[in-house]
Amino acid sequence: MKFEYLTVANSRTTTGALKKRPMIEILVSVDGKTREYLALIDSGADVTMMSTEIADIFGIDWKTCRKSNTMGISGGSQTSYLGSLDIAIKKIGETLSLPVL
């Protein structure tokens, strides 16, 4: 599957040029409530990660979700919270229920 690289606002290279990243439009749904987001495709990621702000928008009490530790490129550990969301790629339309940190 190929994804279009889109220019990302407020994201620049070391030379000052705007960065382009593989982005797709997704639909996130919880209990019949749906919102559209622009998502970064990271083919090397082990998990799907979203901000706790999204959980707040959908009324998910993320503090009651199961805790998990994640580690980024720096090697430092960070506490994350494991939940589940219905996510659809807008152009395809098939909805998947995915675990999300």
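**Note on the predicted model**

1. Phe58 is buried, with a relative accessible area of 9%. The cut-off for buried is under 20% relative accessible area, so a value of 9% qualifies. This is a predicted model, and the remarks below should be read with that in mind.

2. Where is Phe58 found? Phe58 sits in the loop between helix H1 (52-57) and strand E4 (66-71). Leaving aside residues up to four places away in sequence, Phe58 touches Val28, Ser29, Val30, Lys33, Thr34, Arg35 and Tyr37. One distance can be added for Phe58: its C-alpha is 16 Å from that of Ala88, and the two residues are 30 apart in sequence.

3. Phe58 is also a member of the largest nonpolar core, which has twelve residues. The other members are Ile24, Ile26, Val28, Val30, Tyr37, Ala39, Met50, Ile54, Leu85, Ile87 and Val100. Strands E2, E3 and E5 (77-89) each supply at least two residues of this core. E2 gives the most, with four residues. As background, nonpolar side chains in soluble globular proteins tend to be buried together.

4. The overall layout comes next. The protein chain has one helix and six strands. Read from the N terminus, the order of elements is β-β-β-α-β-β-β. The C-alpha atoms fill a box of roughly 45 × 35 × 25 Å along the principal axes. Of the 101 residues, 23% count as buried. Among contacts between residues at least 6 apart in sequence, 29% join residues at least 24 apart.

5. Strand pairing can be followed from the N terminus. Strand E1 (residues 5-12) and E2 run antiparallel and are joined by four bridges. Within this pair, Thr7 has Lys20 in E2 as its bridge partner. The hairpin of E1 and E2 has five residues between the strands, and Gly16 takes a positive phi near 95° there.

6. How many bridges join E2 to E3? There are eight, and the two strands run antiparallel. Val28 has Arg35 in E3 as its bridge partner. Both Val28 and Arg35 are among the residues in contact with Phe58. The hairpin of E2 and E3 has two residues between the strands.

7. Asp31 deserves a separate point. Asp31 lies in the loop between E2 (18-30) and E3 (33-40). Its phi is near 50°, a positive value in a residue other than glycine. Is Asp31 buried or exposed? Asp31 is exposed, with a relative accessible area of 82%; the cut-off for exposed is over 50%, so this value passes it. Asp31 and Asp86 are 55 residues apart in sequence, while their C-alpha atoms are 9.3 Å apart in space.

8. E2 has a further partner in E5: four bridges join these strands, which run antiparallel. Leu27 has Ala88 in E5 as its bridge partner. E2 is thus named in three pairings here: with E1, with E3 and with E5.

9. On the other side of the helix in sequence order, E4 and E5 pair in the antiparallel sense over six bridges. Lys67 stands opposite Tyr81 in E5. These two strands form a hairpin with five residues between them, and Gly75 in the turn has a positive phi of about 90°.

10. E5 is also joined to strand E6 (residues 95-100) by six bridges, again antiparallel. Ile87 stands opposite Leu96 in E6. Ile87 belongs to the largest nonpolar core as well. The hairpin of E5 and E6 has five residues between the strands, with Gly93 at a positive phi near 90°.

11. Asp46 is another loop residue to check. Asp46 is placed in the loop between E3 and H1. With a relative accessible area of 78%, Asp46 is exposed. The C-alpha atoms of Asp46 and Lys90 are separated by 22 Å, and the residues are 44 apart along the chain.

12. The last point concerns surface and charge. The accessible surface of the protein chain comes to about 7600 Å², and 51% of that belongs to carbon and sulfur atoms. There are 12 positive and 11 negative side chains, and the centres of the two sets lie 7 Å apart.

Notes
Residues numbered from 1 in each chain as written. Predicted model: local features only at pLDDT ≥ 70, side-chain atom pairs only at ≥ 80, totals over all residues. Heavy atoms only, no water. Buried < 20%, exposed > 50% of the residue type's maximum accessible area, 1.4 Å probe, protein only. Core = buried A, V, L, I, M, F, W, Y, C linked by side-chain atoms within 4.5 Å. Contact = heavy atoms within 4.5 Å. Areas by Shrake-Rupley, 256 points an atom, 1.4 Å probe, with all protein chains shown as cover. Lys, Arg positive; Asp, Glu negative; His and termini not counted. Charge placed at Lys NZ, Arg CZ, Asp CG, Glu CD. Pairing = 2+ DSSP bridges.
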